[in-house]
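Please open the model in your viewer, with the sequence panel beside it, and follow the selections below in order. Each stop names what to select and then describes what is found there.

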Amino acid sequence: TDGAKRILEKFKDQEISSELNPLMRGKQYESRGDFQEAIKAYRSAMKKNPSGLSAYSNLGSLFIRMKKFDDAEIVLKKATKMKGVDYLIYLNLGYVYLQNKNPVEAQRFCEAAVKMNSNSALGWSNLGLALIRQGKKAEAQKAWERALRIDPKNQQIRKNLQAIGVTNNE
């Protein structure tokens, strides 16, 4: 989100202090592109607060950014068992399974994500991808149409619908 980007930009130029909590240090390292130090900081945050969902979420997202999908899967699956888990954990896990060519699991986690946040165009779009990869064209079409209602300017969703022979001229 734009807010998150602004916060990361603000961190980028600040001195990284060992006084900062590990989670904030991780965000700073990540904003500077020092992913290995960010991983260490997030793991330190997880050790300090094993039930702290933010460290798991941030580390899982970083692993996705690094295209380390197997590592992301491990971290994010642990996060699904935590109190207060939000739809982004499920959304990210769905994406991981799409990348790892496991559309059945991708569907399961994308469905959980949109159940928690039915206004997530990305959730519905990813659900459509998981469904189409299983040959479930009609279900994929419904998911993509739902995504398009939420984000009518999204050209990728329009392309997906066109690829399955649906024309949507709205």
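Begin by selecting helix 6 and the elements around it: in this predicted model, the buried residues of helix 6 pack against helix 4 (53–65), helix 5 (69–80), helix 7 (103–116) and helix 8 (121–132). Helix 6 itself covers residues 87–99, and the side chains to display within it are those of the buried residues Ile-89, Tyr-90, Leu-91, Asn-92, Leu-93, Val-96, Tyr-97 and Leu-98, together with Gly-94, which is also buried. If you place a distance between the C-alpha atoms at the two ends of helix 6, you should read 18 Å, which agrees with the 18 Å expected because its 13 residues advance at 1.5 Å a residue. Step past the end of the helix to Lys-101, which follows helix 6 and has a positive phi, near 55°.

Next, select Ala-72, which lies in helix 5, one of the elements that the buried residues of helix 6 pack against. Is Ala-72 buried or exposed? Its relative accessible area is 0%, so Ala-72 is buried. Beyond its neighbours within four places in sequence, Ala-72 is in contact with Gly-60, Phe-63, Ile-64 and Val-96, and Val-96 is among the buried residues of helix 6 that you have already displayed. Add Ser-61 to the selection as well: Ser-61 and Ala-72 are 11 residues apart along the chain, and their C-alpha atoms are separated by 7.1 Å.

Move now to Glu-30, in helix 2 (residues 22–32). This residue is buried, because its relative accessible area of 11% is under the 20% cut-off. Which residues should be shown around Glu-30, once its neighbours within four places in sequence are left aside? The contacts of Glu-30 are with Phe-35, Ala-38, Tyr-42, Asn-58, Leu-62 and Arg-65. Of these, Arg-65 deserves a separate view, since a polar contact of 3.3 Å joins its side chain to that of Glu-30.

For the next stop, select helix 8 and helix 9 (residues 137–150), whose axes lie 8 Å apart and which pack at an angle of about 165°. Helix 8 and helix 9 are therefore roughly antiparallel to each other, the angle being over 145 degrees, and their crossing is left-handed. On the helix 8 side of this contact, display Ala-121, Trp-124, Ser-125, Leu-127, Gly-128, Leu-129, Leu-131 and Ile-132; on the helix 9 side, the residues they meet are Lys-137, Glu-139, Ala-140, Ala-143, Trp-144, Arg-146, Ala-147 and Ile-150.

Keep helix 9 selected and add helix 10 (residues 155–163): the axes of these two helices come within 10 Å and cross at roughly 155°. Helix 9 and helix 10 are therefore also roughly antiparallel to each other, and helix 9 passes helix 10 in a left-handed crossing. Here Gln-141, Trp-144, Glu-145, Ala-147 and Leu-148 of helix 9 meet Ile-157, Arg-158, Asn-160 and Leu-161 of helix 10. Trp-144 and Ala-147 were also listed in the contact with helix 8.

Finally, select the whole chain, which has 10 helices and zero strands. Of its 170 residues, 44% count as buried. Among the contacts between residues at least 6 apart in sequence, 37% join residues at least 24 apart.

How values were computed. Residues are numbered from 1 along each chain as its sequence is written. This is a predicted model: local features need pLDDT of at least 70, side-chain atom pairs count only at pLDDT 80 or more; totals for chains, interfaces and linings use all residues. Side-chain values use heavy atoms; hydrogens and water are left out. Helices (H or I, at least four residues) and strands (E, at least two) are DSSP runs, numbered from the N terminus. Buried means under 20% relative accessible area, exposed over 50%, partly exposed in between (1.4 Å probe, protein chains only). A polar contact is a pair of N or O atoms within 3.5 Å; within protein, one must be able to donate a hydrogen and the other to accept it, and residues adjacent in sequence count only if both atoms are side-chain atoms. Contact means heavy atoms within 4.5 Å. The expected span of a helix is 1.5 Å times one less than its number of residues. Axes are lines fitted to C-alpha atoms, for helices over the stretch in contact, and angles run from 0 to 180 degrees between N-to-C directions. Angles under 35 degrees count as roughly parallel, over 145 as roughly antiparallel, 65 to 115 as roughly perpendicular and the rest as oblique. A crossing is left-handed if the near helix is turned anticlockwise from the far one by less than a right angle, and right-handed if clockwise.
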